[in-house]
Amino acid sequence: MAKTRRLTPELVIETAARLANERGDVSQITLTNLAAELNIRVPSLYNHVKGLEGLQRDLTVWGLQQLLAITREAVLGKVGRDALLAVAHAYRAFAHAQPGVYSLVLKAPPPEDAQLTALSNELLMILQLVLASYHLEGEDALHAIRGFRSVLHGFVSLETSGAFELPLDRDESFNRLVAIYLDGLSKN
């Protein structure tokens with residue numbers, strides 16, 4: 001007899017993330033298709049998520065945790081330019097590995113959501129610490145982070161939507177783009 005898995009909130013979220021990534025968009029996930037994937041009835045999902053809105057919020061938490069983990073790992077033992085290059089590559093890898101969840105981690109968290117705010121703030125803090133080696137603090141660091149995110153998001157959004165079809169090495173284009181931005185930071 002096959003052993004059945006015990007349904008947990010973690011299994012529900014991981015399954016929803018897998019489905020979102022397979023379908024390329026979190027909006028393609030419904031409670032009905034998630035329940036079918038888990039081989040349960042929709043009412044059973046309510047023991048683990050607070051409806052579709054709760055599921056998307058939980059997927060956002062999961063996505064931010066994943067992005068934060070790879071960002072922490074990327075900067076470990078690095079400073080300055082090396083750290084920012086590592087973050088850039090980690091961000092791009094995350095966007096490719098989590099195409100359905102990626103869009104959820106882009107928005108600023110609602111101020112009343114302490115968990116999402118804490119995760120976002122930790123990610124922001126890591127980037128602020130790295131930017132301190134560029135002598136950027138306060139608002140200057142925040143502007144630099146906005147620019148950095150915009151550069152990364154712009155590239156991965158175009159890349160994942162199929163906009164780069166020229167027979168030209170995308171990795172090289174990405175590396176050059178990030179280097180140009182970081183060179184600009186160095187001149188401040």
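**Exercise 1. Find the loop that holds His135, then work out what stands out about its backbone and its surroundings.**

Step 1. Start at the loop between H7 and helix H8 (138-160): His135 is found there. Keep in mind that you're looking at a predicted model.

Step 2. Check the backbone. His135 has a positive phi of about 60°, although it is not a glycine. Most residues other than glycine have a negative phi.

Step 3. Is His135 buried or exposed? Its relative accessible area is 73%, and exposed means over 50%, so His135 is exposed.

Step 4. Now look for a second case. Asn39 also isn't a glycine, and it has a positive phi of about 60°. You'll find Asn39 in the loop between helix H2 (31-38) and helix H3 (42-45). With 71% relative accessibility, Asn39 counts as exposed.

**Exercise 2. Describe how helices H5 and H7 are arranged and which residues meet between them.**

Step 1. Take the axes of helix H5 (residues 80-97) and helix H7 (residues 114-131). They come within 9 Å and cross at roughly 150°.

Step 2. Turn the angle into a word. Angles over 145 degrees count as roughly antiparallel, and therefore H5 and H7 are roughly antiparallel to each other.

Step 3. List the residues. From H5 come Gly80, Ala83, Leu84 and Val87, and they meet Leu127, Val130 and Leu131 of H7.

Step 4. Sort them by class: this contact has 6 nonpolar residues, 1 polar residue and no charged ones.

**Exercise 3. Compare the settings of two residues of helix H4, Thr71 and Arg57.**

Step 1. Place them. Thr71 sits in helix H4 (residues 51-75), and Arg57 belongs to H4 as well.

Step 2. Look at accessibility. Buried means under 20%, so Thr71 counts as buried with its 3% relative accessibility. Arg57 has 26% and counts as partly exposed.

Step 3. Find their partners, leaving out residues up to four places away in sequence. Thr71 touches Val87, Leu123 and Ile126. Arg57 touches Asp113, Gln115 and Leu116.

Step 4. Pick one of those partners and check the distance. Arg57 and Asp113 are 56 residues apart in sequence, while their C-alpha atoms are 9.7 Å apart in space.

**Exercise 4. Work through the aromatic pair Phe155 and Phe164, then see what else belongs to the picture.**

Step 1. How many aromatic pairs are there? The count comes to 4.

Step 2. Describe the pair. You need the distance of the centres and the angle of the planes. For Phe155 and Phe164 these are 5.0 Å and 45°, and the pair is tilted.

Step 3. Check each residue's accessibility. Phe155, at 6%, counts as buried, whereas Phe164 is partly exposed at 24%.

Step 4. Follow the rings further. Ring pairs link Phe155, Phe164 and Phe174 into a cluster. Arg92 lies over the face of Phe174, 4.8 Å from the ring centre.

**Exercise 5. Zoom out and describe the whole chain.**

Step 1. Count the elements: there are 9 helices and 0 strands.

Step 2. Get the dimensions. Along the principal axes, the C-alpha atoms fill a box of roughly 60 × 45 × 30 Å.

Step 3. What share of the 188 residues is buried? Buried residues make up 40% of them.

Step 4. Look at the contacts with a separation of 6 or more. Residues 24 or more positions apart account for 65% of these.

Technical notes. Residues are numbered from 1 along each chain as its sequence is written. This is a predicted model: local features need pLDDT of at least 70, side-chain atom pairs count only at pLDDT 80 or more; totals for chains, interfaces and linings use all residues. Side-chain values use heavy atoms; hydrogens and water are left out. Helices (H or I, at least four residues) and strands (E, at least two) are DSSP runs, numbered from the N terminus. Buried means under 20% relative accessible area, exposed over 50%, partly exposed in between (1.4 Å probe, protein chains only). Contact means heavy atoms within 4.5 Å. Axes are lines fitted to C-alpha atoms, for helices over the stretch in contact, and angles run from 0 to 180 degrees between N-to-C directions. Angles under 35 degrees count as roughly parallel, over 145 as roughly antiparallel, 65 to 115 as roughly perpendicular and the rest as oblique. Ala, Val, Leu, Ile, Met, Phe, Trp, Tyr, Cys and Pro count as nonpolar, Asp, Glu, Lys and Arg as charged, and the others, Gly among them, as polar. Rings of Phe, Tyr and Trp (its six-membered ring) pair if their centres lie within 6.5 Å; planes under 30 degrees apart count as stacked, over 60 as edge-to-face and the rest as tilted. A charge sits over a ring if NZ of Lys or CZ of Arg is within 6 Å of the ring centre and within 35 degrees of the ring normal.
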